[in-house]
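Here's a quick tour of a protein model, written for someone just getting started. Have a look at the sequence and the 3D view, then follow along topic by topic.

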Amino acid sequence: MASDPPAGTPALTPTLTDDGRPRRYADFATLGEALDYAANGKRGLNFHDPRGTLTRPYPFSELRADALAAAGRLVAAGIAPEDRVALVAETGPEFAALFFGAIYAGAWPVPLPLPTSFGGRESYVEQLRVQLASCDPKLLLFPPELATFATEAAGLAGVEAIDWVVFADSVPSEAPLPQADGADIAYLQYSSGSTRFPHGVAITHHALLNNLAAHGHGMLLQPSDRCVSWLPWYHDMGLVGCFLSPVANQVSTDYMKTEDFARRPLAWLDLITRNPGTSLSYSPTFGYDICARRMSSQTKASERFDLSRWRVAGNGADMIRPDVMQAFVDAFDHAGFKASAFLPSYGLAEATLAVSLMPPGEGIRVELVEETQLSGGGDLGGSGGPRPPRFRAIVNCGKPVRDMTVEIREEDGALLPEGAIGKLWCKGPSVMVGYFRDPDATAACMGDGWLDTGDMGYMSDGYIYIVGRAKDMIIVNGRNHWPQDIEWAVEQLPGFKAGDIAAFAITTPSGEETPAVLVQCRSLDDAERGRLRDEIRERVRSVTGMNCVIELIPPRTLPRTSSGKLSRAKARNLYLAGEIKPYDIAA
């Protein structure tokens with residue numbers, strides 16, 4: 001549990017969970033109007049240190065006052081409506097006030113990532129540079145501890161950069177602030193895959209608030225609900241789902257920083273335990289996986305945690321793995337966690353966030369899909385003849401959210417019947433306007449108001465099932481192979497875990513397409529590496545019937561997206577460019 005504050009330190013009081021005011025489900029014309037309403041109550045944001053101790057309660061009323069002051073400073077700095085204001089998205093009151101300050105000033109805030117443990121200084125500076133070049137902001141504001149990185153990236157992009165502590169000392173303008181319209185762009189959001197060629201997703205106030213209303217209605221918000229989050233504010237699930245939604249739906253929220261979660265993941269569960277109300281908390285699959293692995297016994301879990309009031313345990317942002325979810329239940333059921341609290345979902349930044357949500361209380365539901373349905377049919381047999389059927393568990397990601405329509409289509413756009421696997425398209429008021437200053441990329445994924453998500457899935461009884469990303473698919477001899485299947489096969493071997501493996505297609509010197517499998521290996525012994533490579537090769541062959549290129553690489557080599565997901569496309573590019581160097585293992 002979190003340590004008590006030092007003796008003599010006055011205890012801070014968190015914002016109220018329920019202040020008795022009527023909840024409005026994001027039914028506002030603009031995001032600024034949503035904060036105006038929330039500021040009249042006693043709910044708000046609450047920031048915690050690495051041990052989960054409250055360090056800053058931040059009522060919505062205080063956020064609004066700070067945001068209006070920030071808006072005046074932005075206007076005084078020459079920021080006009082529709083100008084972009086880039087903000088390094090550190091979880092804290094400074095970013096929150098500046099984000100809403102840009103909203104009140106009529107500008108478009110652009111959240112940019114923090115450094116991660118994946119890659120070094122040069123890669124982070126380059127990521128900032130390309131995103132700054134893409135959004136073309138008038139100003140970059142950053143926390144003082146990142147001054148070296150931010151000023152270098154801004155200098156390369158030709159953008160003015162100011163430490164936001166210094167900026168807070170500037171004199172605000174007293175000129176009247178512009179009045180926003182619901183059709184105006186509210187902000188630009190870079191999707192988690194945006195690296196070398198970023199696409200700024202343009203979201204209007206109307207689109208945002210429509211999606212946030214869908215959150216509130218879809219999760220059946222209750223007066224006792226309180227959000228708990230460690231998700232980064234530069235990713236759509238953290239920014240939209242766990243920062244903007246709590247404002248627009250008036251939900252008090254408790255935060256710990258993403259880097260603090262990475263060091264002490266169980267502190268997340270400590271926060272949920274201390275929540276006097278009912279908890280709403282989201283995580284990608286890997287967050288649940290880390291916590292389950294860190295919990296050594298059910299007895300210790302029951303002694304430390306009380307998760308009985310965790311009403312919505314959301315899951316999204318990557319492929320949902322039922323085995324990981326079951327491991328979490330096994331680790332924490334003695335602490336009161338209910339499997340029915342799991343709420344799978346599906347979404348993407350181009351749809352603001354949510355496309356589908358599982359109705360609360362239904363938990364994880366899976367369907368077993370035979371491999372031939374995923375791969376396009378045909379005989380799976382090799383020299384030994386046909387093999388027994390193989391199945392993959394596909395997780396139900398819920399029903400389309402309010403006002404969202406979903407269709408499954410063939411590659412040529414033809415509508416597919418229920419149960420048939422194809423590309424998932426969606427249409428609704430919360431779909432993006434387009435990619436900022438990129439009409440070709442916009443036209444490539446949008447038409448007649450419909451958005452091609454790039455994901456493959458199927459519909460069953462009104463529910464959505466996602467099977468993978470179309471662009472990640474490996475096609476060999478006319479057969480589709482999902483990289484997840486190859487990666488999961490390797491994960492079953494002792495010593496490997498999710499995130500250690502990346503599978504993708506390469507072209508051999510003879511011109512043939514074949515899968516390559518990169519596996520992070522911790523062994524220092526060359527003979528042991530050779531044995532592991534052969535074992536992995538046989539394992540993959542037994543599951544897929546294919547001979548794959550198997551490369552063992554050093555730990556912490558595989559690249560990640562801003563949300564921590566494995567980036568297969570970047571891994572492939574780095575491997576082909578020779579920037580990922582496999583171990584030299586004797587044949």
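**The nine-stranded sheet**

Start with an open sheet of nine strands, which follow the order β2-β1-β10-β9-β11-β12-β13-β14-β17 with mixed pairing. Its edge strands are β2 (54-59) and β17 (399-400), and each of them pairs on one side only. Keep in mind that this is a predicted model. Strands of a sheet pair through backbone hydrogen bonds, and they can do that in a parallel or an antiparallel way.

- At one end of that order, β1 (residues 44-48) and β2 pair in the antiparallel sense over five bridges.
- If you want one pair to look up, G44 has P59 in β2 as its bridge partner.
- Helix α2 (residues 60-76) packs on this sheet and touches β1 and β2. The direction of α2 makes about 75 degrees with that of β2.
- Helix α8 (residues 236-248) packs on the sheet too, touching β1, β9 (225-229), β10 (253-255) and β11 (278-283). Its direction makes about 140 degrees with that of β10.

**The four-stranded sheet**

- Another open sheet has four strands in the order β4-β3-β5-β6, with parallel pairing.
- Here the edge strands are β4 (108-112) and β6 (161-163), each pairing on one side only.
- From one strand to the next, the twist averages 25 degrees.
- Three bridges pair β5 (residues 139-142) with β6 in the parallel sense, and within that pairing L141 has I162 in β6 as its bridge partner.
- Helix α5 (residues 147-157) lies across β5 and β6, and runs at about 170 degrees to β5.

**A buried strand: β8**

- How many of the five residues of β8 (residues 200-204) are buried? Five of the five are, so the strand is largely enclosed by the rest of the structure.
- In a regular strand, side chains alternate between the two faces of the sheet.
- You can follow the two directions in β8: G200, A202 and T204 point one way, while V201 and I203 point the other way, and all are buried.
- Strand β7 (residues 185-190) is joined to β8 by five bridges, and the two run antiparallel. In this pairing, Y187 has I203 as its bridge partner.
- Two bridges also join β8 to β20 (residues 434-435), again running antiparallel. There, A202 stands opposite G434.

**The nonpolar cores**

- In soluble globular proteins, nonpolar side chains tend to be buried together.
- The largest nonpolar core of this model has 155 residues. Those with the most contacts inside it are F99, F243, W268, L269 and F332.
- Helix α3 (residues 93-104) gives this core its largest share, nine residues.
- Want to see who surrounds F332? Setting aside residues up to four places away in sequence, F332 touches L266, L269, C291, A292, M295, A301, F305, L307 and F337.
- Apart from the largest core lies another one, of 20 residues, with A505, V540, I550 and Y583 among them.

**Two residues to zoom in on**

- G101 sits in helix α3. Is it buried or exposed? G101 is buried, because its relative accessible area is 0%.
- Leaving out neighbours within four places in sequence, G101 is in contact with A67, A70, A71 and L74. Take A70: it is 31 residues from G101 in sequence, yet the two are 4.9 Å apart in space, C-alpha to C-alpha.
- S567 is in the loop between β28 (549-553) and α18 (568-576). With 15% relative accessibility, S567 counts as buried, because the cut-off is under 20%.
- A polar atom of the S567 side chain lies 3.3 Å from the backbone nitrogen of K570.
- Beyond its neighbours within four places in sequence, S567 is in contact with P559, R560 and T561.

**The whole chain in numbers**

- The protein chain has 18 helices and 28 strands.
- Of its 587 residues, 57% are buried.
- Among contacts between residues at least 6 apart in sequence, 71% join residues at least 24 apart.
- The chain exposes about 23,700 Å², and carbon and sulfur atoms supply 52% of that.

Conventions. Residues are numbered from 1 along each chain as its sequence is written. This is a predicted model: local features need pLDDT of at least 70, side-chain atom pairs count only at pLDDT 80 or more; totals for chains, interfaces and linings use all residues. Side-chain values use heavy atoms; hydrogens and water are left out. Two strands pair if DSSP finds at least two bridges between them. Axes are lines fitted to C-alpha atoms, for helices over the stretch in contact, and angles run from 0 to 180 degrees between N-to-C directions. Contact means heavy atoms within 4.5 Å. Buried means under 20% relative accessible area, exposed over 50%, partly exposed in between (1.4 Å probe, protein chains only). A polar contact is a pair of N or O atoms within 3.5 Å; within protein, one must be able to donate a hydrogen and the other to accept it, and residues adjacent in sequence count only if both atoms are side-chain atoms. Accessible areas come from the Shrake-Rupley method with a 1.4 Å probe; for residues, only the protein chains shown count as cover. A nonpolar core is a set of buried Ala, Val, Leu, Ile, Met, Phe, Trp, Tyr and Cys residues joined through side-chain atoms within 4.5 Å.
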